[in-house]
Amino acid sequence: DYEVAVDWRWRRHGDYFWMPAYGPMHVSTLMPRAAPPVPIAVPIAPEVWDLTSALHELNTSPFALFQWPFAQPPTSTILSAPPGEELSADAKLDILGHGDYAVQCRQLLRSSVDAMPEARWMTCTSRFILINGKPLCLIQQLPAPADMLPEPPELDGAPKPIETPVPDETSIGQDELAFRFVRAGDCEVSVGIPTTIAAPPPPTNVVCGLKMLPPHSTLVLCVRFQSKEALGCNSAPREYQVSLQEVGGERRLLPPVRLPLERIPESWQPMRGEKGFLGELDPADRAQFPASKGGGETLEHLQFLEFEHLLSFTELCYGRRYRVSVRWLSPWRVSLWGPTWEGTVLMLAPRAPQLAELNLQPVKPVELASDLAGDEFLPTVLAERLEVSWPPFIAHLRGGGRMEYQLQRRCIVRDYDSGGGVSQDQRGGNDREAFDATPWEVVGMVATQVDDATGQGMDPPGTDRITFIVEDLKLCARYQFRLKARLFFHPNSGHDGEWSDFLYSLWRETPAPLPQPPAPCEAAVPDPPPKPL
């Protein structure tokens, strides 16, 4: 850089009479250099976060990630002369040192707080990394807030980065810092931009429970979790993602789910006052956010910072054990996974009331038609029939729909005990040693409606007992019946655990078609005998 000026004088007056003719003019022979570009922060998508192992260790502390458009890696020092001194000869000859770029940051202060002095810019410790072939600058070690306090100005001629303004932000939080690029050679700086440095806090209180939703008995796994207050607007979660893993199987990540617009500012209340937020100003009425309601449950509302997700049986398999966890997603960061819930997707089966019995009552048997049997003899009995009745079973988990009863029977083929066979009060158990019986076979299914108030499976509602007529029973045979029940939900799982315990009946012998004739008895002949004799 040169400064040129023209002076004049009368030669006879000597050198002491120079007078300015033209004012000084600044002339530069240096090539003009543009200011460094504006830093461009890089948002991290969940897919990139999961596939990049170098980023996994960063989420426990604040960090920043920028595109790096320069040829040289970032430097963490700026070659500036100490106060009152000039650069050393070695520093002046270090061409690469003058061409390096550094990253500086400082705290953001609200424009309304005019009395507070602006924080000073601090040079960050930077690291050059490659993610999928893209050059990036990672700021992992950020200066402490105490180091960013302003210092008295230094009146010296040493080159140093100048102060640059920060865009006006109405809702600045602790999750943002202002960043800029600095060229080390001439201390030219770029425009400072606010950048997010913090991720959303991980979810807490992750609990799961089975629910059956009306009106079609849809079985779902309800996942409830809570959020914490964020440090600022950009670290407030906008979406959440559920991780589902069957024990012994692979982990699956379900698609992210967007939070309702009215609930996004719950983790950062000043967001409601921003001009770009178009939701309600203050949705204090929690009735707008009802929780899922199963059968027999009272209506609940989700509390402040409480959320829920329903897993259907398109993602789950009944009777298997799973691990479930949740994480938050913001526009810039991915939170850590919350606590892992582990449990078996298995509901309690319906149960029979206490002192319940399976009653058997004979009904009119199946007889041969009179036009085939004739009128000379009694009607011919083809098969016996029994009426089986039982009290309604009770379901712990319900949501409308139906309850299904299954009735089974078996028949004694041969007694091993010559002393009289099986006793009438023998029910279930291992009784193969006393007699030989046919295998259990299904004789009928009964589907009833589930009362939402009591959980009883009965049809029509209000009946005390359910009846079923068993057909085609053999004559003079001994039968035993047993009953089990389940909730008929969709889809059917086929798992044995969904059925209730069996309710056994007493042994019942079907009656003979005709009563036994009386035994003959000897008659005494009177004396004298009558004439016919």
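What follows is a walk through this structure, from its cores out to its surface, sheets and salt bridges. Keep in mind as you look that this is a predicted model.

Let's start on the inside. In soluble globular proteins, nonpolar side chains tend to be buried together. Here the largest nonpolar core has 57 residues, and the members that touch the most others are Trp390, Tyr405 and Phe481. The element that gives the most to this core is strand E25, residues 478-488, with five residues. Apart from this core lies another one of 15 residues, including Trp68, Phe70, Tyr101 and Phe179.

Tyr405 is a good residue to click on. Leaving out residues up to four places away in sequence, Tyr405 touches a long list of neighbours, among them Trp390, Pro392 and Phe393. The list also includes Gly444, Met445, Val446 and Thr448, and those four fall in strand E22, which covers residues 441-450. Gly457 is another contact of Tyr405, and strand E23 spans residues 457-458. Further contacts of Tyr405 include Leu483, Lys484 and Ala485.

Strands E22 and E23 deserve a look of their own. They pair in the antiparallel sense over two bridges, and Gln449 stands opposite Met458 in E23. The hairpin they make has six residues between the strands, and within the hairpin Gly455 takes a positive phi near 80 degrees.

Now for an open sheet. Strands of a sheet pair through backbone hydrogen bonds, either parallel or antiparallel. This sheet has four strands in the order E5-E4-E8-E9, with antiparallel pairing. Why do strands E5 and E9 each have one side without a neighbour in the sheet? Strand E5 (122-123) and strand E9 (193-196) stand at the edges and each has a single partner strand, so nothing in the sheet flanks the other side. Strand E4, residues 101-106, is joined to E5 by two bridges, with Gln104 opposite Thr123. In strand E8, residues 176-183, you'll find Leu177. Leu177 counts as buried because its relative accessibility is 8%, where the cut-off is under 20%. Its C-alpha atom is separated by 5.8 Å from that of Leu108, although the two residues are 69 residues apart along the chain.

Not every nonpolar side chain is tucked away. Tyr2, Val4, Met25 and Val27 form a nonpolar patch on the surface, and together they have about 380 Å² of accessible area. Strand E1 (2-8) and strand E2 (19-27) each supply at least two residues of this patch. Met25 has its place in strand E2. Is Met25 buried or exposed? Its relative accessible area is 53%, and the line for exposed is drawn at over 50%, so Met25 counts as exposed.

On to the charges. Side chains of opposite charge can pair when their charged atoms come close. The count for this model comes to 11 salt bridges. One of them joins Arg327 to Asp50, whose closest N and O atoms are 2.9 Å apart. This pair links distant parts of the chain: Arg327 sits in strand E16 (residues 321-329) and Asp50 in helix H1 (residues 46-51), 277 residues apart. The two partners have unlike surroundings, since Arg327 is buried at 1% relative accessible area, whereas Asp50 is partly exposed at 29%.

Another salt bridge brings together the side chains of Glu246 and Arg320, at 3.6 Å from N to O. Glu246 belongs to strand E12 (residues 239-246) and Arg320 to the loop between strand E15 (306-311) and E16, so this pair ties together parts that are 74 residues apart in sequence. Glu246 is partly exposed at 26%, and Arg320 is partly exposed at 40%.

Glu471 and Arg385 also meet in a salt bridge, with 3.0 Å from N to O. Since Glu471 lies in strand E24 (residues 466-473) and Arg385 in strand E19 (residues 381-390), the bridge ties together parts that are 86 residues apart in sequence. Glu471 is partly exposed at 35%, and Arg385 is partly exposed at 23%. Finally, look for Arg224, Glu300, Glu306 and Glu308, which are joined into one network by salt bridges that share partners.

How values were computed. Residues are numbered from 1 along each chain as its sequence is written. This is a predicted model: local features need pLDDT of at least 70, side-chain atom pairs count only at pLDDT 80 or more; totals for chains, interfaces and linings use all residues. Side-chain values use heavy atoms; hydrogens and water are left out. A nonpolar core is a set of buried Ala, Val, Leu, Ile, Met, Phe, Trp, Tyr and Cys residues joined through side-chain atoms within 4.5 Å. Buried means under 20% relative accessible area, exposed over 50%, partly exposed in between (1.4 Å probe, protein chains only). Contact means heavy atoms within 4.5 Å. Patches are made of residues with over 30% relative accessible area and no salt bridge: like charges are joined within 9 Å, nonpolar side chains (Val, Leu, Ile, Met, Phe, Trp, Tyr) within 5 Å. Accessible areas come from the Shrake-Rupley method with a 1.4 Å probe; for residues, only the protein chains shown count as cover. A salt bridge is a side-chain nitrogen of Lys or Arg within 4 Å of a carboxyl oxygen of Asp or Glu. Two strands pair if DSSP finds at least two bridges between them.
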